[in-house]
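Before reading on, please take a moment with the sequence and the three-dimensional view. The report that follows begins with one term, then moves from the whole chain to its strands and to single residues.

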Amino acid sequence: MDPGSVEKAAAALLDAYATGTPISPLTKDHPDMSVADAYAVQLAQVKAWTAAGARIKGHKVGLTSAAMQRQMGVDQPDFGVLLDTMFLPESAPIDTGRFLQPRIEPEVAFVLGRPLAGPGATTADAVAAVEYVLPALEVIDSRIADWKITLPDTIADNASSGGVVLGTRPVRLDDQDLSLMGCLLRRDGDLIDTGAGGAVLGSPVNALVWLANVLGERGVSLEAGHVVLPGSITAAVPVAPGQTLTATFAGIGSVTARFGREELT
């Protein structure tokens with residue numbers, strides 16, 4: 001894609017945020033859009049957001065589990081940027097209206113105590129960089145109508161990012177085997193899915209290493225204090241106003257996202 005097409009695609013996605021109206025897949029108008037093109041579209045939006053005052057607070061890795069790859073019809077992970085505006089308090093109801101077509105994913109969030117940079121980052125480097133982990137629920141969303149996305153579509157759309165709710169009890173990685181960690185996902189108290197950390201590229205730590213090395217190839221490093229979401233342990237679950245979602249992770253703890261009811265007019 002030429003620079004003009006990149007800017008036009010980014011503008012279309014930014015307009016979807018502003019209007020709340022999803023757009024048709026970018027790959028419909030740009031069937032030759034490559035992964036590199038898609039990351040250029042993503043970057044153009046990030047530049048627009050940060051120019052408007054938003055701050056980068058971390059990154060997310062998406063499509064790391066076989067369940068999510070099957071659900072989205074893709075065959076490799078991707079990444080997106082987490083902005084300060086995406087972090088939602090566990091204590092307050094979430095306005096569902098801020099999203100277009102939200103779904104929720106249980107994840108273990110890494111909080112870095114030191115920078116982590118690739119290429120060449122190893123598992124040992126990643127573990128040493130993590131200060132602690134938190135239970136998390138990521139709200140994914142799509143500015144593409146009906147979630148009809150290809151890999152370039154979701155990458156361009158900031159890896160279908162929406163928001164994130166973090167738990168409040170930090171847990172150190174010491175004595176935690178995230179690959180064996182089980183997770184229970186409940187909606188309004190009913191168990192709706194289960195999973196294990198090994199679903200995320202064998203271990204969520206592997207997703208962190210992958211991200212550090214992919215970003216490193218682009219001249220970007222993960223910074224101390226940043227949050228990294230390594231990918232969902234289960235398939236994504238649609239959410240609606242009035243619902244409460246809770247993820248419980250063995251050895252890590254629980255996190256709850258409450259979605260406010262729609263106001264009657």
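Helices, of at least four residues, and strands, of at least two, are DSSP runs, and both are numbered from the N terminus. With those names, Asp-95 can be placed in the loop between β3 (87–88) and β4 (103–112). The model shown here is a predicted one, and the values below are computed from it.

## The whole protein

The protein has 7 helices and 12 strands. Along its principal axes, the C-alpha trace spans about 55 × 50 × 35 Å. A compact globule with 265 residues would have a radius of gyration near 18 Å, and the 17 Å of the protein agrees with that. Of the 265 residues, 52% count as buried.

Contacts across the sequence add to this picture: among those between residues at least 6 apart, 75% join residues at least 24 apart. The surface that the protein exposes comes to about 11200 Å², of which carbon and sulfur atoms supply 52%. As for charge, there are 19 positive and 30 negative side chains, and the centres of these two sets lie 3 Å apart.

## Two pairs of strands

Strand β1 (residues 56–62) and strand β2 run antiparallel and are joined by 6 bridges. Within this pairing, Val-61 has Phe-79 of β2 as its bridge partner. Strand β2 (residues 78–83) is mostly covered, with 6 of its 6 residues buried.

The other pair consists of β11 (residues 244–249) and β12, which also run antiparallel with 6 bridges between them. Thr-246 finds its bridge partner in Thr-256 of β12. These two strands form a hairpin with 3 residues between them, and in that hairpin Gly-251 takes a positive phi near 80 degrees.

Which residues of strand β12 are buried, and which are not? The side chains alternate along residues 253–258, so that Gly-253, Val-255 and Ala-257 point to one face and are buried, a state defined as under 20% relative accessible area. Ser-254, Thr-256 and Arg-258 point to the other face and are not buried. Thr-256, the bridge partner of Thr-246, thus belongs to the face that is not buried.

## Residues in loops and their backbone

Several loops hold residues whose backbone deserves a closer look. Asn-158, found in the loop between α6 (151–156) and β6 (161–166), has a positive phi of about 50 degrees although it is not a glycine. Asp-188 likewise has a positive phi of about 50 degrees without being a glycine, and this residue lies in the loop between β7 (182–187) and β8 (190–196). Are these two residues buried or exposed? Asn-158 is buried, with a relative accessible area of 0%, whereas Asp-188 is partly exposed, at 46%.

Another loop, between β4 and α5 (123–129), is the place of Pro-119. A cis peptide bond joins Gly-118 to Pro-119, with omega of about -5 degrees.

## Exposure and distance

The table brings together three residues and the C-alpha distance from each to a residue elsewhere in the chain.

| Residue | Other residue | Separation along the chain | C-alpha distance |
|---|---|---|---|
| Asp-95 | Ile-155 | 60 residues | 25 Å |
| Ala-66 | Arg-143 | 77 residues | 23 Å |
| Val-228 | Ala-207 | 21 residues | 9.4 Å |

Asp-95, the loop residue named at the start, has a relative accessible area of 52% and is therefore exposed, since the cut-off for that term is over 50%. Ala-66 lies in helix α4 (residues 66–72) and is partly exposed, with a relative accessible area of 45%.

Val-228 is found in strand β9 (residues 227–229), and its relative accessible area of 0% makes it buried. What is Val-228 in contact with, leaving aside its neighbours within four places in sequence? Its contacts are His-59, Val-108, Ala-109, Phe-110, Leu-208, Leu-211 and Leu-222. Among these, His-59 falls within β1 (residues 56–62), the strand that is joined to β2. Val-108, Ala-109 and Phe-110 fall within β4 (103–112).

How values were computed
Residues are numbered from 1 along each chain as its sequence is written. This is a predicted model: local features need pLDDT of at least 70, side-chain atom pairs count only at pLDDT 80 or more; totals for chains, interfaces and linings use all residues. Side-chain values use heavy atoms; hydrogens and water are left out. Buried means under 20% relative accessible area, exposed over 50%, partly exposed in between (1.4 Å probe, protein chains only). Two strands pair if DSSP finds at least two bridges between them. The radius of gyration is taken over C-alpha atoms; the globule rule is 2.2 Å times the number of residues to the power 0.38. Contact means heavy atoms within 4.5 Å. Accessible areas come from the Shrake-Rupley method with a 1.4 Å probe; for residues, only the protein chains shown count as cover. Lys and Arg count as positive and Asp and Glu as negative; His and the chain ends are not counted. The place of a charge is taken as NZ of Lys, CZ of Arg, CG of Asp or CD of Glu.
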